[in-house]
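Student: I've got a model to look over and some quick questions. Can you pull it up?

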Amino acid sequence: MNNKYILRIFRGCPGCQYWEEFELEYNPDANVISALMEIQKNPVNRLGLKTTPVAWEQGCLEEVCGSCSMLVNGVPRQACTALIRDYTHGGTGTITLAPLTKFRLIRDLQVDRTSMFEALKKVRAWISASSGDSKEFGVKVSPELQESLYPLATCMTCGCCSESCPQVSEKSSFMGPAAMSQVRLFNSNPSGEIEKSVRLRSVLGEDGIAACGNAQNCARVCPKKIPLIESIPFVNREATKQALKDFFSLPDTK
Ligand code: SF4
Ligand code: SF4
Ligand code: FES
């Protein structure tokens, strides 16, 4: 007979959340998403009562889009790469699932990460085209620089860093570490030079770099191992230089 384990899920809508348990047959190859899909096929809880299917978000199923982020046993991570076998003891035990808490709850395990995308807009986390009809290649980027910037480019806006950051809360407007790291990425790329000052000014407010308390939780939970603890002081230094330049009305330099 196969072993069984319990998925204990914190579900519901804003203001009416509750725990509900489901018993599932152990499958050594299952991940949290496939376990949720099993429940979706036949949503009957551990008490034998028919219930509503659990809501969650998913996209790539290979830890690239960040949409399936949730708390697995209290730790923020992607459900698609959370293997059931890593959370059970020989296929038995209980795994808890809960939605991220730093984002607006939609329902069950689904949250609205709009605040992260708004932060990316605010810091201009892109490279503007210099001319719509240019036939020329862009600025050359050395292989060494490409290699050093690549880890920063792997950010999937998953929200795990914000979830773990004590400075991201309802009481604070801090944009969070991911947006700060994107400032470093785009300001370090020669093609992004033209908007360097604009990006730095965008993090000078109370929602910007000064809100970071340097607790470094963010770097510890980032699934992509993005060097956030290097990005944050980098942006801090650059933003301070920009503030001084602005104070003394010096021209923006590259
Ligand atoms: S270093 Fe700490 S305070 Fe700063 S962004 Fe990371 S978790 Fe938040
Ligand atoms: S920096 Fe890491 S933890 Fe934060 S959103 Fe990007 S990938 Fe996720
Ligand atoms: S579904 Fe895209 S990261 Fe999990």
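Student: What kinds of residues make up the lining of the largest pocket?
Tutor: Twelve nonpolar, seven polar and three charged. Asp, Glu, Lys and Arg count as charged, Ala, Val, Leu, Ile, Met, Phe, Trp, Tyr, Cys and Pro as nonpolar, the rest as polar. A pocket is an open set of 1 Å grid points where a 1.4 Å probe fits, with protein on both sides within 12 Å along at least five of seven lines; lining residues have an atom within 4 Å of a point.
Tutor: The model is predicted: local features need pLDDT of at least 70, side-chain atom pairs 80 or more, while totals for linings use all residues. Numbering starts from 1 along the chain, and side-chain values use heavy atoms without hydrogens or water.

Student: Which residues lie nearest its centre?
Tutor: T101, K102, F103, R104 and V168, out of 22 lining the largest pocket.

Student: Which helix gives the most to that lining?
Tutor: Helix 3 (DSSP H or I run, at least four residues). Three lining residues come from helix 3.

Student: Switching to the largest nonpolar core. Which residues touch the most other members?
Tutor: V123, M175, M180, V203, I209 and L228, in a core of 36. Core members are buried (under 20% relative accessible area, 1.4 Å probe) and joined through side-chain atoms within 4.5 Å. Helix 6 supplies the largest share, six residues.

Student: Why does this core lie between domain 1 and domain 2?
Tutor: Because domain 1 (4-110) and domain 2 (113-247), set by an automatic or database assignment, both give residues to this core.

Student: What does M175 contact beyond four places in sequence?
Tutor: A119, K122, V123, M180, S202, V203, D207 and G208, with heavy atoms within 4.5 Å.

Conventions. Chains are lettered from A and ligands numbered from 1 in the order in which they are written. Helices (H or I, at least four residues) and strands (E, at least two) are DSSP runs, numbered from the N terminus. Buried means under 20% relative accessible area, exposed over 50%, partly exposed in between (1.4 Å probe, protein chains only).
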